[in-house]
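The following paragraphs lead the reader through one protein structure. They move from a single element to the whole chain, and then to individual residues and a pocket.

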Amino acid sequence: MGYPTSFKILGLLGDHMDAPTPKQTLLLILLPMLGTVLCLRLYLHLVRVQHLYPGGYLVHHLFVGILIELPAAFILAFRARNRVLAFSALVALGIGSGMILDEVTYLVATKASDRDYVSRVSLGGAIGFVSLAAILLVGIYWVRRD
């Protein structure tokens, strides 16, 4: 089975079928986290704020992020026996983290209006939290690298 060249270039697929390497782990969490925040912010700032109200309740993307991140963290805590599941859990951890980090400042430091979604405070908080998470991930990678 051939893998996409982009996976090989990014070092996401190693020669062995063991657990992901530290570099793979870094990339599988960091890239989806950054991509998720970038997509969320582009959507919020270029399209418009749209809310979901399933069952009449407002669902923020922070809540969706938690629902994505928790199962991924549990799978990783018990060491997935399947390489695809381990890789998928790392990607889900990155996506969930991005959704959570993007919205923390909005919910804590603003009045949580539609206007606040695209405010400087919300954007600055998202950039700040994601930057801190990226620094933490890179720091952990440097300690655990191959």
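How many residues does helix H3 have, and how far does helix H3 reach from its first C-alpha to its last? In this predicted model, helix H3 covers residues 61–77, which gives 17 residues. The distance from its first C-alpha to its last is 24 Å, close to the 24 Å expected at 1.5 Å a residue. The buried residues of H3 are His 61, Leu 62, Gly 65 and Ala 72. These buried residues pack against H2, H4 and helix H5, the last of which spans 114–117. Just after H3, Arg 79 adopts a positive phi of about 55 degrees.

The wider setting of this helix may now be considered. The protein chain contains six helices and zero strands, and its pattern along the sequence reads α-α-α-α-α-α. Of the 146 residues in the chain, 36% are buried. When contacts between residues at least 6 apart in sequence are considered, 71% of them join residues at least 24 apart.

The loop between H2 and H3 holds His 60. Is His 60 buried or exposed? His 60 counts as buried because its relative accessible area is 9%, and the limit for that class is under 20%. Leaving aside neighbours within four places in sequence, His 60 is in contact with Glu 103, Tyr 106, Leu 107 and Tyr 117. With Tyr 117 there is also a polar contact, made between the two side chains at 3.0 Å.

Tyr 117 appears again in the surroundings of Ser 122, a residue of helix H6. Ser 122 is buried, since its relative accessible area is 0%. Beyond its neighbours within four places in sequence, Ser 122 is in contact with Arg 41, Thr 105, Tyr 106, Asp 116 and Tyr 117. The side chains of Ser 122 and Arg 41 are joined by a polar contact of 2.9 Å. A polar atom of the Ser 122 side chain also lies 3.3 Å from the backbone oxygen of Tyr 117. Asp 102 is 20 residues away from Ser 122 in sequence, and the two C-alpha atoms are 8.0 Å apart in space.

Two further residues may be set side by side. Gln 24, in helix H2, counts as buried because its relative accessibility is 1%. Its side chain reaches the backbone nitrogen of Thr 21 at 2.8 Å. Leu 85, in helix H4, is partly exposed, as its relative accessible area is 39%. Leaving aside neighbours within four places in sequence, Leu 85 is in contact with Ile 75 and Ala 80. The C-alpha atom of Leu 85 is separated by 9.2 Å from that of Ala 72, 13 residues away along the chain.

The account ends with a pocket. How much space lies in the largest pocket? The largest pocket holds about 670 Å³. It is lined by 22 residues, of which Pro 20, Thr 25, Leu 76, Leu 90 and Arg 144 are the closest to its centre. Helices H2 (22–47), H4 (83–109) and H6 (120–144) each supply at least two residues of this lining. By character, the lining residues divide into 14 nonpolar, three polar and five charged.

Note on methods:
Residues are numbered from 1 along each chain as its sequence is written. This is a predicted model: local features need pLDDT of at least 70, side-chain atom pairs count only at pLDDT 80 or more; totals for chains, interfaces and linings use all residues. Side-chain values use heavy atoms; hydrogens and water are left out. On a 1 Å grid over the protein atoms alone, a cavity is a set of points where a 1.4 Å probe fits but cannot get out, and a pocket is an open set with protein on both sides within 12 Å along at least five of seven lines; lining residues have an atom within 4 Å of a point. Grid points are joined across faces, edges and corners, and a volume is the space filled by probe spheres set on the points. Helices (H or I, at least four residues) and strands (E, at least two) are DSSP runs, numbered from the N terminus. Ala, Val, Leu, Ile, Met, Phe, Trp, Tyr, Cys and Pro count as nonpolar, Asp, Glu, Lys and Arg as charged, and the others, Gly among them, as polar. The expected span of a helix is 1.5 Å times one less than its number of residues. Buried means under 20% relative accessible area, exposed over 50%, partly exposed in between (1.4 Å probe, protein chains only). Contact means heavy atoms within 4.5 Å. A polar contact is a pair of N or O atoms within 3.5 Å; within protein, one must be able to donate a hydrogen and the other to accept it, and residues adjacent in sequence count only if both atoms are side-chain atoms.
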